[in-house]
Amino acid sequence: MNPEDNGRRTLLKGALGTGVLAAMPNLILPALAQGDKLIPFTDVPENFQVTPARPAANHYLDTREITSYFTDNDDFYIIQHYGQPDIDESTYRLKITGMVDNELEFTLQDLQNMAQIEQQVGFECGGNSQRLFHGLIGNALWGGVSLAPLLERAGIQPGAKEVVFFGSDIGNEEIRGREVESAFARGLSIEDAMRPENMLALQMNGEPLPYYHGKPVRLLVPGWYGVANVKWLNQIHVQNTRFMGRFMGRDYVTLKKENVGGIERWVENSVTMMNLKSAIIRVVESGGSHRIQGFVLNDGTPLRSVEVKIDDGPWQRAEINPRSTKYAWKLFNFDWENATPGDHTLVSRVTDINGNVQATQEELPEKVSYWEDFGQFPRTIRI
Ligand SMILES: Nc1nc2c(c(=O)[nH]1)N[C@H]1C(S)=C(S)[C@@H](COP(=O)(O)O)O[C@H]1N2
Ligand SMILES: [Mo]
C-alpha cells in the first residue's frame with residue numbers, strides 16, 4: 001500500500017468533500033506488487049545513485065521509482081541556487097510594490113484568510129536532462145491564492161510592462177568583476193502575470209509548503225518550466241522595463257538556430273512554457289508480461305496520443321492515465337506483448353491536439369542548448 005495514496009485520499013476528502021478522484025483506480029504506476037520485477041535499464045550506470053533530499057542541496061527523483069500520481073513532498077525534486085532561507089512565519093511579509101495604485105503588504109495569515117484554490121501542477125526544471133534520466137520532475141496538488149486578484153487589488157498602472165517576483169534567498173554574484181548581492185528573481189510580462197491559473201502556493205499535497213519548496217509562499221506558473229515558480233517569495237514589483245536578472249537574462253537562456261523572417265540566426269531566449277516531452281521511466285515485469293511506463297509534461301495543451309516504439313517496430317499507442325488534469329503530468333502505460341529475451345531499445349513520443357509531435361534529438365533545431373532537453377529519449381534494457 002502506498003502511504004502517499006493514503007494521504008491523498010484523506011486530503012481529497014477534506015479538500016473537496018468527495019472521494020470521486022480517490023475512487024478512481026490507481027491503474028497507472030502502482031507501487032510494485034509482490035512478484036513484480038523492475039527490469040534494469042542498461043543505459044543507467046551502475047554507480048547512478050539518488051540520494052534523499054538534504055538541506056542546501058539539489059535533489060532529483062529516481063524516475064524508476066515513481067509509483068504515485070502525486071510526488072511525495074519529501075521526494076519532490078529540489079533546485080535552489082542560493083541556498084534555502086528559513087523564514088520566520090510570524091514576521092513574514094509579502095509586498096506588492098512599484099507601478100501600482102496601492103502598494104500592498106500581506107502577512108501569511110492575510111493570505112491564509114483569502115479564498116483558497118487548489119490545482120494539480122507538475123513541472124520540470126529547464127535544466128532537466130537525459131543524463132539524469134529526467135529526474136528533475138514532480139507533480140503535486142497545490143493550494144493557495146490566485147495571483148490576478150491580488151494584482152488587481154494593487155491596481156497595475158498604465159505603462160507598466162513587467163511583474164518581478166523576488167525570493168528571499170540571496171546569493172553573491174560576480175558580475176563583470178564586481179561582487180553584488182542578488183536575490184533569486186524572475187519576471188513575467190503583465191499579460192503572463194495575469195493568467196488566471198497563476199497562484200501563490202501555501203500548501204503542497206495538503207501540507208503547509210515545505211521548507212525546501214519555498215515555505216511559506218511560492219509562485220506557481222502552471223505550464224512553465226520550474227524556474228518560473230519563485231520560492232520563498234517576499235516581493236512582487238511592477239515596473240516599466242524588462243527584468244534582466246541572472247535567471248532571465250544569463251541562466252535558463254536557450255540557444256538555438258532559427259529561421260527569423262527568412263534569415264538563419266542564432267536565437268537566445270529565456271525558458272518559458274514547457275516543451276512537449278515524454279520519456280520512458282521504467283519497465284515492470286509481472287507474471288511474465290511486461291509493462292512500459294513513462295510520463296508526459298507540456299504547457300497544458302491537450303494531448304492526442306503517446307506512442308511507444310520497440311526496437312525497429314511500429315509506433316504503438318500507449319494508455320494515458322485518465323485522471324491527469326490540464327497542468328498535471330500525464331503518466332502512461334504500454335503493455336508489451338511477447339517481449340523476447342535479449343537487448344531492446346525503447347522510445348516514446350507524444351503528440352498534442354495541434355499535431356505537434358515530440359521530435360527526435362536529430363530533428364531538433366541545431367544546438368537546443370543544455371536547457372530545454374525535450375527530444376525523444378531512447379532507453380535500452382535487457383530482458
Ligand atoms: N527563490 C527561489 N526560487 C526558485 C529557485 C531558487 O533557487 N530560488 N529555483 C527555481 C528552479 S530553477 C526550479 S527548477 C524550481 C524548483 O522547485 P522545487 O525545488 O520546489 O522543485 O524552483 C525555482 N524557484
Ligand atoms: Mo530549474
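In this predicted model, the second largest pocket holds about 240 Å³ of space, and 17 residues line that pocket, with Arg242, Phe243, Met244, Met248 and Ser270 closest to its centre. The largest pocket offers about 390 Å³, while the largest cavity, with a volume of about 220 Å³, is the place where ligand 1 sits. The points below take the second largest pocket, the largest pocket, the cavity, the ligand and two backbone features in turn.

**Second largest pocket**
- Three elements, namely strand S7 (178-189), helix H6 (246-250) and strand S13, each contribute at least two residues to the lining of the second largest pocket.
- Of these contributions, the largest share comes from S7, which gives 4 residues to the lining of the second largest pocket.
- Sorted by class, the residues lining the second largest pocket comprise 7 nonpolar, 6 polar and 4 charged.

**Largest pocket**
- The lining of the largest pocket consists of 25 residues, and those nearest its centre are Met273, Met274, Asn275, Leu276 and Phe374.
- Strand S12 (253-260) and strand S13 (263-270) each provide at least two residues of the lining of the largest pocket, and S13 also supplies at least two residues to the lining of the second largest pocket.
- Nonpolar and polar residues number 10 each in the lining of the largest pocket, and 5 charged residues complete it.

**Cavity**
- Searching the whole structure for cavities of 30 Å³ or more yields 1 cavity, and the volume of the largest cavity is about 220 Å³.
- The largest cavity is lined by 18 residues, of which Ile79, Arg218, Gly226, Asn229 and Lys231 are the closest to its centre.
- The lining of the largest cavity is made up of 10 nonpolar, 5 polar and 3 charged residues.

**Ligand 1**
- Ligand 1, which sits in the largest cavity, is surrounded by 19 residues, and the closest of them are Tyr77, His81, Asp169, His213 and Lys231.
- By class, the shell around ligand 1 contains 11 nonpolar, 5 polar and 3 charged residues.
- Lys231, one of the residues closest to the centre of the largest cavity, has a side-chain N or O atom 2.5 Å from an oxygen atom of ligand 1.
- His81 approaches ligand 1 through its backbone, where a polar atom is 2.7 Å from an oxygen atom of the ligand.
- Asn229, which is also among the residues closest to the centre of the largest cavity, places a backbone N or O atom 3.0 Å from a nitrogen atom of ligand 1.
- On its own, ligand 1 has 530 Å² of accessible area, and the protein covers 100% of that area.

**Backbone geometry**
- Most peptide bonds are trans, and most residues other than glycine have a negative phi.
- The peptide bond that runs from Lys215 to Pro216 is cis, with omega near 5°, and Pro216 belongs to the loop between strand S9 (207-208) and strand S10 (218-220).
- Ala56, a residue other than glycine, has a positive phi near 55°, and Ala56 is placed in the loop between strand S1 (37-38) and strand S2 (94-98).

Definitions and conventions: Residues numbered from 1 in each chain as written. Chains lettered and ligands numbered in written order. Predicted model: local features only at pLDDT ≥ 70, side-chain atom pairs only at ≥ 80, totals over all residues. Heavy atoms only, no water. 1 Å grid on protein atoms, 1.4 Å probe; cavity = no way out; pocket = protein on both sides within 12 Å on 5 of 7 lines; lining within 4 Å. Points joined across faces, edges and corners; volume = space filled by probe spheres on them. Nonpolar A, V, L, I, M, F, W, Y, C, P; charged D, E, K, R; others polar. Near = heavy atom within 4 Å. Polar contact = N/O pair within 3.5 Å; in protein donor to acceptor, adjacent residues only side chain to side chain. Areas by Shrake-Rupley, 256 points an atom, 1.4 Å probe, with all protein chains shown as cover. Sits in = over half its atoms within 2 Å of the grid points.
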